[in-house]
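I sat down with this one to take a few notes, going from single residues out to the whole chain. Here is what I looked up, in order.

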Amino acid sequence: MSDNNEHEMVESPLKETMTLLSRTPKGQIVYDRDPLEPIKQSTSNSKSGVLLSENIFGRNPAHSPEKSFDSQYFQHQYSVHHPHPGLNNRPNLLMDIPVQHTEKSINQFKWQQELLMMRNTNQLDETTPVYNLSNHGIMQLFELREQQRLSTATSFMKKIEDFKEVSRRSDEEECLRMKQELEERLVPKRESQVDVEMIIQRLQVEARKRFQQEEDQIDQKLKEITSIQEKELQEDMKKKTLELHIAEAKRRKGISSSKLESLLKFLDESVTSCQERDSFLQTVQMKLDRVTALKTQFQVVVNNVNHEDPLNSAIRSENIVKQIEDLVEVIRDDIAKNNAIVEEKNALSKRQQPQSALPSSAVMPITSSAVKQEHQNDQLGCLEKKTCDSNGGDEDLDFVRREDLVVYSQLQAELRQYEANTVAFSGDLSLKTLRFELQKAVLHPVNEISDQSGQHLQDKLDRLRSLLQGNAVHVGSRMVRATEHPGGLEYCTNLLARRLVAQGEDQVNVNPKAAFPIAAIITELWLEFPVFGRLVLAHFYRQCPYLVPYYLPQQEGQSNEDYYKSLGYRYSSGKVEQQPTYLKRMSGVVRLYAAVLISLPRRNQPHPHGLEHAWRYLAALLNLSPRNDITAAILVEFLTVAGSAMSKEYGKQFQKLLHLICTEYFTMIRNVTPKGSGGGPVTRLEEFLHESITKGGISPPAGQLSPRFW
């Protein structure tokens, strides 16, 4: 800043101060000297600084400048201080002036007060410096500080005013906006505006739809591409899997073929080593025929190539080989037993005296099973002899076909032999606890068989299968095994077969639908255990000989009670049961047997006793003369269960058979029915045949399990 500017800044406040001090009571300004004239300073003992007046630095406490100034200033008294001798003979600078309470006068008063506070208590001369500043400099600094304070307050007030202005403008804008919105709501739009808005909305909707359609098309194309890729991948995987399955099936079929050849070779050797082969082969001819049939079926299965499921034929071939293996094992055991009996007879005949005329059975210590076998063979021989005598040896008897009689006799002989093998186990008192546990292991699952669910039926099958395999099974809190003692497994197998057949009498005759889950269990176990299957068939024939079919005649010397018991009647207190009760029980057994014939094994396995046996049985039954009540009862029950499956399997041939039943055979049944007997079974058969003709076929039986039930 230039020197001139500095001089003006220092000089200006001093002028204002001198003007105030020189103001007259009448408002006139009087200067004791020129305001611009510099203050004279003492030549002796003078120092640079502010020369204070004598009134200010007087030592007289009675005339205190502070008190005099206060009274003079605030009481608005107009007086003039007369000059009097003082410091440097200088006139008093202070004068009584009218006080105007302005901001500037108040600031000057404060400045004078600060000057008074700077007075030193010691004796000072008039030239004593204060802060080494001039009066003009002190005033300038004081005013500068006041200006800064006022500037800060002014800035703050300016900000408040700006904020109020901004708020006012914002409120006005908001009010204007709300006014416009209200006008838009209240003032109706012109038609052109409405049309434009509708067009805009419609265009927006169409644009969104087009965009969405494009997006959908893109997504659809992506899905199609993904689907094609997945299909190609699946086809590749399926092709590779099929190739692996074909190779595996070929390998397994080769193993099965080799095993079958070894089994047939072993069977030929066993038959060749059999003693008295001609007579023995008659007893095992059915088993040999079964082996031949299974061999033929095996060749068909092996040569059949299923490109969709190649492993299926391999599994079926293995199952067939397993059945042949079981049959070969049974035949081998029969041959061994026959050779033992023949050798024992030969050894005994060598030791026998020539004069002895007694039959060998009276002197040989043979087993009871051998006696029973010979007795059965004698009975069979008598029946065959009677057949030859009555019909010249060319025709069957009127109560049984010759080949059916052979099968029946053979199965009953095997059953008696099997039961004889378990006599030791059944009669041992020390094994009573084990027998009781094994009975529970058999009876509990059998009694719980039902069509509740596939899982439930599978559980019962697993428990029974595990028992026949000789594995440990749970019985309550214990674990029991059928192979713990010799004869235990045979005991369980025979008990299970007998109890399952007995379910036909006890449960199926009350609940006809219960036949199908029981039949499913029998079929699955028959596939895995052929010996069990033959025992089941033997018990069916024993329980109901009409399933052979065989109308047992009364033998000479046979009592009525024994004869009726052989037919399946029950006696209570020496009295035979009533005919309706007997017919109902037999109907239950026939229904269960027919359910076994139509039951479908799982995994497309060959049925061990399927529809071909149903055709054979029905043809054999129609070739025999009907009996009163029982023929009609078993025929209507058998056709109700197996008729639909046979119609699908044999088609027109079965329709011809059904026509024969409706015409000729039903007339024969009506002829053997006594008049006035009520004819309950005959009436039911007539109604069944009439319904079948009316509907054009036989409906599937109620309660039959679906192929995917389990």
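Why does Leu 222 count as partly exposed? I looked up its relative accessible area, which is 48%. Partly exposed covers values from 20% to 50%, so Leu 222 gets that label. A reminder for my margin: this is a predicted model.

Next I checked where Leu 222 sits, and found it in helix H6. I then looked for its partners on the surface. Leu 222 forms a nonpolar patch there with Ile 218 and Ile 225. Together the three have about 270 Å² of accessible area.

Then I turned to charge. Which residues gather in a patch of negative charge on the surface? I noted Glu 214, Glu 215, Asp 216 and Asp 219. I picked Asp 216 for another look, and it lies in helix H6, which spans residues 191-272. Its relative accessible area is 41%, so Asp 216 is partly exposed as well. I put Asp 216 and Leu 222 side by side in my notes, since helix H6 holds Asp 216 and also Leu 222.

Last, I stepped back to the protein chain. I read off 23 helices and 4 strands. How much of the chain is buried? Of its 710 residues, 38% count as buried. For the surface, I noted about 42,400 Å² exposed, with carbon and sulfur atoms supplying 53% of that area. I closed with contacts: among those between residues at least 6 apart in sequence, 73% join residues at least 24 apart.

Notes
Residues numbered from 1 in each chain as written. Predicted model: local features only at pLDDT ≥ 70, side-chain atom pairs only at ≥ 80, totals over all residues. Heavy atoms only, no water. Patch = residues over 30% accessible without salt bridge, like charges linked within 9 Å, V, L, I, M, F, W, Y side chains within 5 Å. Areas by Shrake-Rupley, 256 points an atom, 1.4 Å probe, with all protein chains shown as cover. Salt bridge = Lys/Arg side-chain N within 4 Å of Asp/Glu carboxyl O. Lys, Arg positive; Asp, Glu negative; His and termini not counted. Charge placed at Lys NZ, Arg CZ, Asp CG, Glu CD. Helix = DSSP H or I, 4+ residues; strand = E, 2+ residues; numbered from the N terminus. Buried < 20%, exposed > 50% of the residue type's maximum accessible area, 1.4 Å probe, protein only. Contact = heavy atoms within 4.5 Å.
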